[in-house]
2 protein chains.
Amino acid sequence: MPDIKHFNPDVVLDDVVRVFWRQGMPTTGIQALVTATGVSRSSLYATFGNKDGLYAAALSRYIEQHSTPAFAQLSAAPSGLTSIEEFFAGLIHIRCHGEIAGWGCMVTNAHAGPECSDPTIRTLLDEHHRTLESALRAALATASHLGQLRPSVDLDTAAAVLATLAYGVNLRSRAGAEAETLTATVSAALAPLRARHRATPQEESPT
Amino acid sequence: MPDIKHFNPDVVLDDVVRVFWRQGMPTTGIQALVTATGVSRSSLYATFGNKDGLYAAALSRYIEQHSTPAFAQLSAAPSGLTSIEEFFAGLIHIRCHGEIAGWGCMVTNAHAGPECSDPTIRTLLDEHHRTLESALRAALATASHLGQLRPSVDLDTAAAVLATLAYGVNLRSRAGAEAETLTATVSAALAPLRARHRATPQEESPT
DNA sequence: CCTATCTCGGAACGGTCATTCCAAGATAGG
DNA sequence: CCTATCTTGGAATGACCGTTCCGAGATAGG
């Protein structure tokens, strides 16, 4: 009987994500979202409740579309430290070049705004953080099996260091940090994890 | 001849800092600042120009009052790696305990907001970053002279890693990260810098 | 075709935003 | 004391905020 929705909420959400991502939550008005999506106020409110719900849905969509695929790829990557280097190289490239350069990471940005007081948002941030850490941990485990790591490296804390570093990279990219600088920094953070010389995989290296 | 200002701008600015720090720039209205400072709109505008000028002055004051002293102490600290550990321990404690727990760092927060597009703010952020890096570099140089560092450690990039990590710590503290977790992360980042055993410094030091 | 039920566009609402303006108060040289 | 000059408190302004409401349009079962 009833009428059916005239738009695809996920597609609309992709537009909403871009606006919130670029401008931040408090700076973005509903009118800007109406303009960006082409969907009227009524429909946005009917679908997402209110601005907070809209932002929460957008952040969730961002994680699903941008973070999760990258983390999954990192988790499953077979080349250990090289995969981690590639992960950071891709991250830095996207933060510093192209259309969305200077936008930073929407999740990282959410940490610094008032939205992170919201329990719903807080949950998304924590889940994102855990997922990032375990993806890094998985890649480090692969590296360990490949004999790329010093035996002294603790996988959990090393993953925590790299995850925390990633937030710093995202943040500094917003202030115009140079890609080369960020790359050098990441490289310096990875260097001490690396086994001194080539090691025979599966069996560990001397000392 | 003229009347004289009835308040001390720096004292007022300290109140303004607290509001901007806790609530962020876009979320804070002028009325909130009038209430917090006890100074009327007219006087705030006459003294600081507009909201952007007020925020810029507050951020500058924050750096002067909070960042600079901590960085100066770190720069001049005599105990090398121990001083760096103490710097991070103090940072984490202030971020996670007491009245201002969960506020994060005002400079770190400024990175993620729309205010970092403002050239004036951008300059403050860059200067803050350079100062933080060189303070860490100075402390690392001290550690190096004390023989606490592996010879392979590059002071500049190691300082960059630790500075970037500090931003991550500040960010995650806002989302309720536990102090112990952050401490363990920092500790894991410092561990690989440390010389394997006690080394004989050029001047030896006990411990 | 008819009608119940939902969606949609846009107007309308009260509140708050940053900013300006003005009259009253304070100051200090004459 | 007088007055020129600045500061101050508070009202006024126009724009925009998030949200609600309503009439019109679309849909699909009967």
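These are my notebook entries on how chains A and B sit together in this predicted model, and on its cysteines.

**Entry 1: symmetry**

I started by superposing the copies. Chain A goes onto chain B with an RMSD of 0.0 Å, using a turn of 180 degrees and a shift of 0.0 Å along the axis. I wrote that down as a two-fold axis, because that is the relation such a turn and shift describe.

Next I looked up which surface each copy uses. Of the interface residues of chain A, 100% are also interface residues in chain B, so the copies meet through the same surface.

**Entry 2: extent of the interface**

I then pulled the contact list. It has 33 residues of chain A touching 33 residues of chain B.

For size I went to lost accessible area, since that is how an interface is often sized. The area buried between chain A and chain B comes to about 2,800 Å². Carbon and sulfur atoms give 67% of that. On the chain A side, the residues losing the most area to chain B are Leu171(A), Arg172(A) and Arg174(A). Together these three make up 22% of what that side buries.

**Entry 3: polar links and helices**

Arg172(A) turned up again when I went through the charged pairs. It forms a salt bridge with Asp126(B), and the closest N and O atoms are 3.2 Å apart. The count of salt bridges between chain A and chain B is two. For polar contacts between the two chains, I noted 12 residue pairs, both partners at pLDDT 80 or more.

Which helices of chain A each supply at least two residues of the side that touches chain B? I got α6 (106-112), α7 (119-145), α8 (155-174) and α9 (179-190). Of the elements on that side, α8(A) gives the most, with 11 residues.

**Entry 4: cysteines**

Last, I checked for disulfides. The count over all chains is zero. For Cys105(B), the nearest cysteine sulfur is that of Cys96(B), 13 Å away, and Cys105(B) is in no disulfide. The cut-off for a disulfide is 2.5 Å between the sulfurs.

Why is Cys116(B) without a bond to its closest cysteine sulfur? That sulfur belongs to Cys96(A) and is 13 Å from the one in Cys116(B), which is too far for a bond.

I also looked up whether these two cysteines of chain B are buried or exposed. Cys105(B) is buried, at a relative accessible area of 4%. Cys116(B) is buried too, with 2% relative accessibility.

Note on methods: Residues numbered from 1 in each chain as written. Chains lettered and ligands numbered in written order. Predicted model: local features only at pLDDT ≥ 70, side-chain atom pairs only at ≥ 80, totals over all residues. Heavy atoms only, no water. Buried < 20%, exposed > 50% of the residue type's maximum accessible area, 1.4 Å probe, protein only. Least-squares fit on C-alpha atoms with pLDDT ≥ 70 in both. Contact = heavy atoms within 4.5 Å. Buried area = accessible area lost by both parts, 1.4 Å probe. Salt bridge = Lys/Arg side-chain N within 4 Å of Asp/Glu carboxyl O. Polar contact = N/O pair within 3.5 Å; in protein donor to acceptor, adjacent residues only side chain to side chain. Helix = DSSP H or I, 4+ residues; strand = E, 2+ residues; numbered from the N terminus.
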